[in-house]
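Good morning, and thank you for coming. Please have the sequence and the structure open while I speak.

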Amino acid sequence: MKRPSAFRCLTLVASLYLAACFCSELVAQDLAITNIRVITVTGPVIESGTIIVRGGKIVSATAGSASTAGLRLIDGKGMTAMPGYIDAHKHVDKFNKDQVESVLKAGYTTVLSGGGTADDNLKLAQNIDSGVFNGPRIIPSASLPVVARDFRTVLDRGTLVGLTPEAARAAIREMAAKGIKHTGEIVMAPGGLSPEDIAVLKAVVDEGQRVGVQINVHAVSTPAMIGAVNAGVTRLVHMPNKDFTSHEEAAKVADTGSIVLGLLAFGAPIIDRYSGSPAQVQFPKDDSPRFRDGKPWPEAINGANRDGARKATGTEAGFTIVNARTIWDASNGQALGWCTDQNYDDHVVLEHELKSYSVMFSMADIFRIITINTARYLNMENQMGSIEPGKVADIILLQGNPLENIYPMLNTKVVLRSGRIVVDKR
């Protein structure tokens, strides 16, 4: 039987109301965070102050109190505010709602999805922007066509094997046409670049500059890193873990305005930190060192450094942290950014990385690396990465004082993304 028109009208009104409620959840809130320690990153620490947010942007961050009339209030007593963490290379699954929420709860407000296809990454960003998933802001990337399909061949010889400059240029143009502004990781052979690799890479860099696509290169050895820099690349996905970087080579990175993402804990073992579920990788609590895939360390390290008897040495853990400090010093703290890459429990991933950074860097240095430096890597430092007027209100509230050590950075209580409360664990 046909429904009465009045019923249809009520149904329509209800639908419009629900839609309006849903949309309002995605709209930034006007709020004030009071009684809060503020790590601005680019300015002095405010021991007790107020942050005002309107329309998704930071209006002010000042010591003491401020006018909060008409604003939603968050009492920050016992907590510290700092910019949301930024991860410039992580593999995120477009279908995995739990994963993206886990990343957000760990304190990340912006992530460059560094693997997968352009369409998958665009869909992931759409799922978050529309409110289907609760996650960080996703910056999509796209990969160059891989001619060598075997994973081991890619690791040993690189992504560029078999590509022509013309095909590589066409791939960059296709990315730009879809609205993609970043390549995924372009893998360089650890031994360095062949003349053919250099020709293709220079073509990619040139085409990227022409159409507005940033070229991100995966270089895990110093020869690969310097070869990429010489070809015009300024964004390098991982710190070299195959060898030591000299002061002269670090100066080359710094002088070209290049930035290297850390992944300092790549070679460091994980011991008794996670065995629960759900997780993509579970680690037995048996007091044994594990690589990030859960297999025994150091034998399971991808492309492990080996001695004369072909036994893995585990030296990756030492090369990365020393190289990071060398590059940091050569660039006056400008050439080091943050990525995690790994896909086990996000809280454990964050802890694993922070422990390696804390060997070589102060807390103030770490704050810069995980925020403003990584924003600069993404060419978004004018939009995010610090708490100052005019920037997007990507703010996290940590329990305790992270100026003392890394552990409060593992205790995110509240996450604001573009001025909207998206996580509240108080």
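I should like to begin with a single residue, Ile180, which sits in the loop between helix 5, residues 165-177, and strand 9. Please keep in mind throughout that this is a predicted model.

Is Ile180 buried or exposed? Its relative accessibility is 1%, and because buried means under 20%, Ile180 counts as buried. What, then, is in contact with Ile180, if we set aside its neighbours within four places in sequence? The partners are Ala118, Leu122, Pro140, Ser141, Ala142, Met175 and Val213. One further distance may help you to place this loop residue: the C-alpha atoms of Ile180 and Gly115 are 13 Å apart, with the two positions 65 residues apart along the chain.

One of those contacts, Pro140, takes us to strand 8. Strand 8 comprises residues 137-140 and is an edge strand, pairing on one side only. Both of its faces are covered. Arg137 and Ile139 lie on one side, Ile138 and Pro140 lie on the other, and all of these residues are buried.

Strand 8 belongs to an open sheet of three strands, in the order 6-7-8, with parallel pairing. The other edge strand is strand 6, residues 85-90. On average, neighbouring strands in this sheet are turned by 15 degrees against each other, direction ignored. Strand 6 runs parallel to strand 7, residues 108-113, and four bridges join the two. Within that pairing, Ile86 has Thr110 of strand 7 as its bridge partner. On the other side, strand 7 pairs with strand 8, again in the parallel sense and over four bridges. There, Leu112 stands opposite Ile139 of strand 8.

A helix also packs on this sheet. Helix 3, residues 118-129, touches strand 7 and strand 8, and the direction of helix 3 makes about 160 degrees with that of strand 8.

Let us turn to the second sheet. Here five strands form an open sheet in the order 9-10-11-12-13, and the pairing is parallel. Which strands stand at its edges? They are strand 9, at 186-187, and strand 13, at 336-337, each of which pairs on one side only. Within the sheet, strand 10, residues 216-218, runs parallel to strand 11, residues 235-236, and two bridges join them. Val217 stands opposite Leu236 of strand 11.

I now come to the helices in this part of the chain. Helix 6 covers residues 195-211, which is 17 residues. At 1.5 Å a residue it should span 24 Å, and its end C-alpha atoms are 25 Å apart, so the two values agree. The buried residues of helix 6 are Asp197, Val200, Leu201, Ala203, Val204, Val205, Glu207 and Gly208. Please note that Asp197 and Glu207 are included in that list. After helix 6 comes Gly212, with a positive phi near 85 degrees.

Helix 7, residues 222-230, packs with helix 8, residues 247-255, at an angle of about 35 degrees, and the axes are 10 Å apart. The crossing is left-handed. From helix 7, the contact involves Thr222, Met225, Ile226, Val229 and Asn230; from helix 8, it involves Glu249, Lys252 and Val253. By character, four of these contact residues are nonpolar, two are polar and two are charged.

Finally, I should like to draw attention to some backbone details in the loops. The loop between strand 12, at 259-261, and helix 9, at 316-330, contains Pro298. The peptide bond leading from Trp297 to Pro298 is cis, with omega near 0 degrees. Leu263 lies in the loop between strand 12 and helix 9 as well. Its phi is near 50 degrees, a positive value in a residue other than glycine. Leu263 has a relative accessible area of 4% and is therefore buried.

A further positive phi, of about 70 degrees, is found at Asp341, which is not a glycine either. Where does Asp341 lie? It is in the loop between strand 13 and helix 10, residues 346-360. With a relative accessible area of 10%, Asp341 is buried.

That concludes my presentation, and I welcome your questions.

Note on methods: Residues are numbered from 1 along each chain as its sequence is written. This is a predicted model: local features need pLDDT of at least 70, side-chain atom pairs count only at pLDDT 80 or more; totals for chains, interfaces and linings use all residues. Side-chain values use heavy atoms; hydrogens and water are left out. Axes are lines fitted to C-alpha atoms, for helices over the stretch in contact, and angles run from 0 to 180 degrees between N-to-C directions. A crossing is left-handed if the near helix is turned anticlockwise from the far one by less than a right angle, and right-handed if clockwise. Contact means heavy atoms within 4.5 Å. Ala, Val, Leu, Ile, Met, Phe, Trp, Tyr, Cys and Pro count as nonpolar, Asp, Glu, Lys and Arg as charged, and the others, Gly among them, as polar. Two strands pair if DSSP finds at least two bridges between them. The expected span of a helix is 1.5 Å times one less than its number of residues. Buried means under 20% relative accessible area, exposed over 50%, partly exposed in between (1.4 Å probe, protein chains only).
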